[in-house]
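Reader: I am new to this structure and would like a close look at a single part of it, with its surroundings explained step by step.

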Amino acid sequence: MWSKYLIPGTKTYNHRDLREGKNPFFLKHSYSYQLLACMQELGALLAKRQPFSLIRLGDSEMMFFKGELGGNNIKRTFLTDDASQFDVSRYQKALNQNDLICVYQSGRMQSLLPKYIEQDRRRSYVETMYQAISSKMLFYLLSGYKVGVIGAAEKINLIEQLYNNRTYRSEIGLGELVSFIRIPQKGAACQLEETKKTIEQQINPECDVYLVGMSVGKIVILPELRDQFQKTFIDVGVGID
């Protein structure tokens, strides 16, 4: 936390924020630097009008690649703790079919990163995507594009309901939201083909970019949808909330 924001008599436990105190915009490993670098790269890619897929590898994805299922992977994704039921090799082969693969830039999760990620696809944008949503910088970047969202039906229903409100539309600054694609809240990765078909049936031809809140199945599904429909898919994780 920056010193000017510290409250007298209190202590910050997020010591990683202390690195923001030097020069938040040019300190290479700061979150501010990563956010600006991410927005610059995405802006350049979007301007080319060539489809790409960006995925994030969070805790659940990296544990899955290690053959372990726990936490949300059981509750919402695979609905089991038996990883042997799933063809991990399919996910491994599909991983580098995505254009940008966002990983943690430091910490324990670094040791869990799949070794076969191609270096030119790797980016330290996992936390950055949350910043891009909360700061609305990603929304402003997409203001000139027709945007859609893909996520759990319950969440997408709420987003669509809110989007009908003029105040909400003005507040998020997203521009034109033209497509609302619903997938199951639970078990979407258990049945990849069914999930992909569900999305295919709802794709809006007018949409340029889809923001995606999806489980591990995104690793396989998003590059296939990119090639099939020639659209850009950006994984924002729980940022879809």
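Reader: Which residue follows H1, and is its phi positive or negative?

Author: The model discussed here is a predicted one. In it, helix H1 is followed by Arg49, and the phi of Arg49 is positive, near 60 degrees.

To look at the helix itself, begin with its length: H1 covers residues 31-47, which makes 17 residues, and at 1.5 Å a residue these should span 24 Å. The C-alpha atoms at the two ends of H1 are indeed 24 Å apart, so the expected span and the span in the model agree. The buried residues of H1 are Tyr31, Ser32, Gln34, Leu35, Cys38, Met39, Glu41, Leu42, Gly43 and Leu46.

Among these buried residues, Cys38 deserves a separate word. Its relative accessibility is 0%, so Cys38 counts as buried. A cysteine may raise the matter of disulfides, and the structure holds 0 of them. For Cys38, the nearest cysteine sulfur is that of Cys102, 6.5 Å away, whereas a disulfide would need the two sulfur atoms within 2.5 Å. Another cysteine, Cys207, is also buried, with a relative accessible area of 1%.

From the helix we can turn to the charged pairs elsewhere in the chain, where a search of the whole structure finds 14 salt bridges. One of them joins Asp235 and Arg56, whose closest N and O atoms are 3.9 Å apart. This pair links distant parts of the chain, since Asp235 belongs to strand E7 and Arg56 to strand E1 (residues 53-56), 179 residues apart. Both Asp235 and Arg56 are buried.

A further salt bridge runs between Glu61 and Lys218, with 3.1 Å between the closest N and O atoms. Because Glu61 lies in helix H2 (residues 59-65) and Lys218 in helix H10 (residues 218-229), the pair ties together parts that are 157 residues apart in sequence. Glu61 has a relative accessibility of 7% and therefore counts as buried, and Lys218, at 1%, counts as buried as well. These two pairs also belong together, for Arg56, Glu61, Lys218 and Asp235 are linked in a network of salt bridges.

Helix H10 takes part in another such contact through Glu224, which forms a salt bridge with Lys196, the closest N and O atoms being 3.1 Å apart. Since Lys196 sits in helix H9 (residues 192-200), this pair ties together parts that are 28 residues apart in sequence. The two partners differ in their exposure: Glu224 is partly exposed, with a relative accessible area of 29%, while Lys196, at 15% relative accessibility, counts as buried.

Strand E7 leads on to the aromatic rings, which form 2 aromatic pairs. In one of them, Tyr210 and Phe233 are stacked, with 5.6 Å from centre to centre and 10 degrees between the planes. Tyr210 is in strand E6 (residues 209-212) and Phe233 in strand E7 (residues 232-235), so that this pair too links distant parts of the chain, 23 residues apart. Both Tyr210 and Phe233 are buried.

Finally, consider the stretch around helices H7 and H8. Asn165 is found in the loop between helix H7 (153-163) and helix H8 (166-172), and at 40% relative accessibility it counts as partly exposed. A polar atom of the Asn165 side chain lies 2.8 Å from the backbone nitrogen of Thr167. Arg169, for its part, lies over the face of Tyr163, at 5.8 Å from the ring centre.

Terms used:
Residues are numbered from 1 along each chain as its sequence is written. This is a predicted model: local features need pLDDT of at least 70, side-chain atom pairs count only at pLDDT 80 or more; totals for chains, interfaces and linings use all residues. Side-chain values use heavy atoms; hydrogens and water are left out. Buried means under 20% relative accessible area, exposed over 50%, partly exposed in between (1.4 Å probe, protein chains only). Helices (H or I, at least four residues) and strands (E, at least two) are DSSP runs, numbered from the N terminus. A polar contact is a pair of N or O atoms within 3.5 Å; within protein, one must be able to donate a hydrogen and the other to accept it, and residues adjacent in sequence count only if both atoms are side-chain atoms. Rings of Phe, Tyr and Trp (its six-membered ring) pair if their centres lie within 6.5 Å; planes under 30 degrees apart count as stacked, over 60 as edge-to-face and the rest as tilted. A charge sits over a ring if NZ of Lys or CZ of Arg is within 6 Å of the ring centre and within 35 degrees of the ring normal. The expected span of a helix is 1.5 Å times one less than its number of residues. A salt bridge is a side-chain nitrogen of Lys or Arg within 4 Å of a carboxyl oxygen of Asp or Glu.
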